[in-house]
Structures are given as C-alpha cells and as structure tokens.
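Colleague: I'd like to learn how to read pockets and packed helices in a model. Please take me through them one at a time.

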Amino acid sequence: MAPKKKKYEYEKGRDWTFIVYPESAPKNWRTVLDETHIRWIESPLHDKDVNADGEVKKAHWHILISFDGPVTVTAVNKIIEPLNTPEPRKVGSGRGLVRYMIHLDNPEKYQYPVEEIIGHNGVDVADYFKMTVTDSLTVMKDMINYIYENKVDNYADFLMTCIEHSDDWFDVAVNHNTLALNKMLDAMWQKNKASNEMIHKGT
C-alpha cells in the first residue's frame, strides 16, 4: 500500500519560492533552472542580512519560480531537487516576493540594489514593480489621509513628503490622480484659511 500523502503535498500554486545557498548548490544551478524553460527570478545575493541578535545570516538567494498553471509542491521539488535547497513554499503575491528580494517594504533591513534582480526565461522584472489599479487606489487613500490628518495645503510641500516617503507615493502624485490631489490640497487650504480666520476673530 502506497504511503499516504501529507495534506500540504496536495496544495497547488502558480508561484513558488525557495532559497539557494552558495555553499550547497551546484555551480551550474542557474543552468539547471534555465533548462526547464520555466520563468524564474533571482534575487541579489543576500549576504548582509542579520538575525535579531545581530549575527550575519548565511548568504543566500531568494528565488521566485512561476508556472503557467497551478502545480503541487511535489512537482516543484522534482524540479529543484538537484539544487539542494530547503523546502519550497507557495507564494501568495509574486510582486510582493520580488519587492522583498530587495527589502523594498522593509526599511529596517539592508536595502539591496533593484538592478541586481535578474529575470530568467523571458521574465521582465520591471513588470513586478508596476502598480495595479488596486495598488494605486490604496496608495491614493493613504495620501489623502496623510493630507487631511496633517493639514497639508501646499502641493510643493506634499511632493517633498512623497519623495521622502516612497517611490509609490511620488509616482501617484506626479503620474496619477494629480487633479484629485490638487483639489484635496486646495480644499485643505480653504479649510485651514477658514480655521485661521476664526482664530483671529476670537482674539
């Protein structure tokens, strides 16, 4: 009787990630993956990551491998078996994983160069950094909340805030919804003006 499969072995996904360690992977590990003709992305070599106690972690690469349709972890393991890697795990967001490859959303961690992310078998890495409509709306909501809570009423001042905050904020501010932002800033100017006038009248 064949051994019963573990529940996780039935889990399927299109995007999977795993870690490659220079010390244990074969020298031709990239060729092994390239010859599968499956799209995959290689992170910069993470050799400056540290544990909570400050100890430097073993150098490693984060890999994202993307299939045309859902596959099981068993199928992924068969492909990466020659690489001597830890167990792969399913990725909920390929875009999020690629951003993590350079710690883009983790400013407390070492920031690796985006240009060192490498796409293989036809992958255009730049596509993973383009905002979707949903992403743009989420960023827009955050910006509107910031303007309102901080009583910002000057576009130049707000652009400087966007530059300091994140590339996503600056992108939305100059390339998307600029009319809405200008109306919001103008409304805040009117609101601040009315508030100041009430204060002066009170004194």
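Modeller: Let's begin with chemistry: the lining of the largest pocket splits into 9 charged, 6 nonpolar and 3 polar residues. Keep in mind that this is a predicted model.

Colleague: How many residues line the largest pocket, and which lie nearest its centre?

Modeller: There are 18 lining residues, and Arg99, Leu104, Asp105, Ser166 and Asp168 are the ones nearest the centre. As for volume, the largest pocket comes to about 480 Å³.

Colleague: Which helices supply at least two residues each to that lining?

Modeller: Three to look at: α3 (94-100), α4 (133-150) and α6 (167-175).

Colleague: And the runner-up: what volume does the second largest pocket have?

Modeller: About 150 Å³. Its lining includes His46, His60, His62 and His103, along with Lys48, Asp49, Lys57, Glu108 and Lys109. Sorted by class, the second largest pocket has 5 charged, 4 polar and 3 nonpolar lining residues.

Colleague: On to helices. What describes a packed pair?

Modeller: Two things: the angle between the axes and the distance between the axes. Take α5 (residues 155-165) and α6 here: their axes cross at roughly 145 degrees and come within 6 Å.

Colleague: Which residues make the contact?

Modeller: From α5 you have Tyr155, Phe158, Leu159, Thr161, Cys162, Ile163 and His165, and α6 answers with Trp169, Phe170, Ala173 and Val174. By class, this α5 and α6 contact has 9 nonpolar residues, 2 polar and no charged.

Conventions
Residues numbered from 1 in each chain as written. Predicted model: local features only at pLDDT ≥ 70, side-chain atom pairs only at ≥ 80, totals over all residues. Heavy atoms only, no water. 1 Å grid on protein atoms, 1.4 Å probe; cavity = no way out; pocket = protein on both sides within 12 Å on 5 of 7 lines; lining within 4 Å. Points joined across faces, edges and corners; volume = space filled by probe spheres on them. Helix = DSSP H or I, 4+ residues; strand = E, 2+ residues; numbered from the N terminus. Nonpolar A, V, L, I, M, F, W, Y, C, P; charged D, E, K, R; others polar. Axes fitted to C-alpha atoms, helices over the stretch in contact; angles between N-to-C directions. Contact = heavy atoms within 4.5 Å.
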